[in-house]
Amino acid sequence: MQIEERTVADDDLAALLAAAFDELVKRYGPEGRSVVKAQARYLVAYAGEHAAGCGAIQPAGPDMGELKRMYVDPAFRGQGIARQLLAALEDLARGMGYERVRLATGVRQPEAIALYESSGYVLGESYGMYVDQPLTRCYRKELGSV
């Protein structure tokens with residue numbers, strides 16, 4: 001597997017983001033997407049020639065990044081891609097100067113919750129549009145040094 005940084009103009013990234021949104025609509029209904037800031041940096045994981053997953057880190061404060069758009073194509077799940085992609089996103093966050101990362105996920109995504117909890121993320125305070133959202137769980141992680 002290879003992980004590469006891509007821009008929002010990248011076709012592989014665009015296809016993964018569209019698939020991620022489609023899956024969220026199936027799980028939660030057609031509620032709006034959260035905003036990804038223009039300063040976000042995206043990674044795409046490749047299994048051979050196939051774009052298998054993506055994720056982004058965006059600024060959330062002077063020393064905090066926010067994980068956004070973490071997604072692995074169902075055809076590639078169960079192969080450890082999400083865990084490797086998450087580790088690469090954490091490394092990217094460290095490289096961007098962040099000491100911690102936060103994220104929001106939903107209760108109808110138990111596989112995501114299991115990944116985050118097994119990767120050292122702990123439940124945190126809800127923030128932004130996620131406050132008072134019963135289907136949302138917010139997590140955080142201290143990154144420490146590489």
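**Strands, helices and a pocket in a predicted model**

Setting aside neighbours within four places in sequence, His50 is in contact with Ala45 and Phe76. This is a predicted model, and His50 has its place in strand S3. Between the C-alpha atoms of His50 and Arg77 there are 13 Å, although 27 residues separate the two along the chain.

Gln58 also sits in strand S3, which takes in residues 50-61. With a relative accessible area of 2%, Gln58 counts as buried, because the cut-off for that label is under 20%. A polar atom of the Gln58 side chain lies 2.6 Å from the backbone nitrogen of Lys37. Again leaving out neighbours within four places in sequence, Gln58 is in contact with Val35, Val36, Lys37, Ala40, Met64, Gly65, Glu66, Lys68 and Tyr98.

Now for the helices, beginning with H1. At the start of H1, a side-chain oxygen of Asp10 comes to within 3.1 Å of the backbone nitrogen of Asp12. How far apart should the ends of H1 be? Counting 1.5 Å a residue, its 18 residues should span 26 Å, and the end C-alpha atoms are indeed 26 Å apart, so the two figures agree. The buried residues of H1 are Leu13, Leu16, Leu17, Ala20, Glu23 and Tyr28. They cover an arc of only 125 degrees around the axis, so they end up on the same side of H1. Turned away from that buried side is a face carrying the exposed residues Asp11 and Lys26. As for partners, the buried residues of H1 pack against strand S1 (2-6), strand S2 (41-47), S3, S4, S5 and H3. Just after H1 comes Gly29, with a positive phi of about 95 degrees.

Helix H2 (residues 81-95) passes the ruler check too: at 1.5 Å a residue its 15 residues should span 21 Å, and its end C-alpha atoms are 21 Å apart, which agrees. Buried in H2 are Ile81, Leu85, Leu86, Ala88, Leu89, Glu90, Leu92, Ala93 and Arg94. After H2 comes Gly97, which has a positive phi near 90 degrees.

In helix H3 (residues 110-118), the buried residues include Ala112, Ile113, Leu115 and Tyr116. Their arc around the axis is only 160 degrees, which puts them on the same side of H3. What do the buried residues of H3 pack against? Strand S4 (64-72), H2, strand S5 (100-106) and strand S7 (136-142) are the partners. Just after H3, Gly120 takes a positive phi of about 95 degrees.

That leaves the empty space. Rolling a probe the size of a water molecule over the atoms reveals where such space remains. The largest pocket in the model has a volume of about 1200 Å³. Of the 43 residues lining the largest pocket, Leu24, Ala104, Thr105, Gly106 and Gln109 are the closest to its centre. Which elements give two or more residues to this lining? They are helix H1 (11-28), S4, H2, S5 and H3. Helix H1 provides the largest share of the lining, with eight residues.

Conventions:
Residues are numbered from 1 along each chain as its sequence is written. This is a predicted model: local features need pLDDT of at least 70, side-chain atom pairs count only at pLDDT 80 or more; totals for chains, interfaces and linings use all residues. Side-chain values use heavy atoms; hydrogens and water are left out. Helices (H or I, at least four residues) and strands (E, at least two) are DSSP runs, numbered from the N terminus. Buried means under 20% relative accessible area, exposed over 50%, partly exposed in between (1.4 Å probe, protein chains only). A polar contact is a pair of N or O atoms within 3.5 Å; within protein, one must be able to donate a hydrogen and the other to accept it, and residues adjacent in sequence count only if both atoms are side-chain atoms. Contact means heavy atoms within 4.5 Å. The expected span of a helix is 1.5 Å times one less than its number of residues. The arc is that of the directions from the helix axis to the C-beta atoms. On a 1 Å grid over the protein atoms alone, a cavity is a set of points where a 1.4 Å probe fits but cannot get out, and a pocket is an open set with protein on both sides within 12 Å along at least five of seven lines; lining residues have an atom within 4 Å of a point. Grid points are joined across faces, edges and corners, and a volume is the space filled by probe spheres set on the points.
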